[in-house]
Amino acid sequence: MAGGGRAPGSSDGGSEAHLGGTTIRLALEPELPTVNGDGIQIEQVMVNLLLNAVEALESVPSTERDLTVRTSLVDGAAIEVSVRDTGVGLAAPMSEMVFAPFVTTKANGLGMGLAISRSIIDAHNGRLWVRPNPDRGSTFHFTLPLA
Ligand SMILES: Nc1ncnc2c1ncn2[C@@H]1O[C@H](COP(=O)(O)OP(=O)(O)O)[C@@H](O)[C@H]1O
Ligand SMILES: [Mg+2]
């Protein structure tokens with residue numbers, strides 16, 4: 001999870017990856033300071049956010065599927081990771097509810113991914129939240145304090 005790595009084949013942190021038929025655009029800050037944390041738990045948060053994004057994109061036409069992962073330094077005190085999708089988006093009153101356990105809008109959903117993700121980020125003294133995009137879809141953000 002520590003910063004300092006560069007996306008392969010890129011000098012500016014811009015790159016692409018592929019997940020479930022969706023192209024993920026990476027906008028990674030090239031030189032980020034180190035954060036302390038449990039790499040496996042943070043990876044679990046990323047998997048939850050990415051899978052939700054891919055699922056949110058399933059119901060929009062494939063030409064309108066955009067998923068962007070961005071990293072940045074916030075106020076010299078934390079790193080921020082955001083996962084933005086152009087998927088179905090959240091109903092406005094849902095935006096805090098989705099972090100509660102067992103809240104799901106999916107036929108086969110467990111509704112645990114965001115609840116677990118929030119408890120992981122809380123335990124790392126970070127913050128996890130969501131904002132609707134101005135156009136379509138939503139963006140989940142989390143911060144992790146610098147080591
Ligand atoms: N990227 C997203 N776009 C739209 N809705 C989302 C997104 N991520 C999560 N949600 C909403 O939040 C709910 C809870 O998500 P989560 O806790 O991961 O459980 P699950 O994916 O099993 O439903 C989802 O059912 C969905 O309604
Ligand atoms: Mg989920």
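I began by fixing what a contact is: two residues are in contact if their C-beta atoms, placed from the backbone, lie within 7 Å. I noted that this is a predicted model, in which local features need pLDDT of at least 70 and side-chain atom pairs count only at pLDDT 80 or more, while totals for chains, interfaces and linings use all residues. Residues are numbered from 1 along each chain as its sequence is written, and chains are lettered from A and ligands numbered from 1 in the order in which they are written.

**Entry on Val83.** Leaving aside neighbours within four places in sequence, I found Val83 in contact with Leu49, Leu50, Ala53, Val69, Thr139 and Phe140.

**Entry on the core.** I then looked up the largest nonpolar core, a core being a set of buried Ala, Val, Leu, Ile, Met, Phe, Trp, Tyr and Cys residues joined through C-beta atoms within 7 Å. Buried means that 20 or more other C-beta atoms lie within 10 Å of a residue's own, exposed means 12 or fewer, and partly exposed is in between. This core has 21 residues, of which Val45, Leu49, Ala53, Val83, Ile121 and Phe142 touch the most other members. Two or more residues each come from H1, strand S4 (78–85), H3, strand S5 (128–132) and strand S6 (138–145), where helices (H or I, at least four residues) and strands (E, at least two) are DSSP runs numbered from the N terminus. The largest share, seven residues, comes from H1.

**Entry on H1 and H3.** I saw that Gln41, Gln44, Val45, Asn48, Leu49 and Asn52 in H1 meet Gly113, Leu114, Ile116, Ser117, Ile120 and Ile121 in H3.

**Entry on ligand 1.** Counting a residue as near when its C-beta atom, placed from the backbone, lies within 6 Å of the molecule, I found 22 residues around ligand 1, the closest being Asn52, Ala56, Thr104, Gly109 and Gly113. H1 and H3 each supply at least two residues of this shell, and the largest share, four residues, comes from H1.

**Entry on two single residues.** I placed Gln44 in helix H1 and asked why it counts as partly exposed. Gln44 is partly exposed because 15 other C-beta atoms lie within 10 Å. Arg25 lies in strand S2 (residues 22–27), and Arg25 is partly exposed because it has 14 C-beta neighbours inside 10 Å. Not counting residues up to four places away in sequence, Arg25 touches Glu16, Leu67 and Thr68. Returning to Val83, I found that Arg25 and Val83 are 58 residues apart in sequence and 9.9 Å apart in space, C-alpha to C-alpha.
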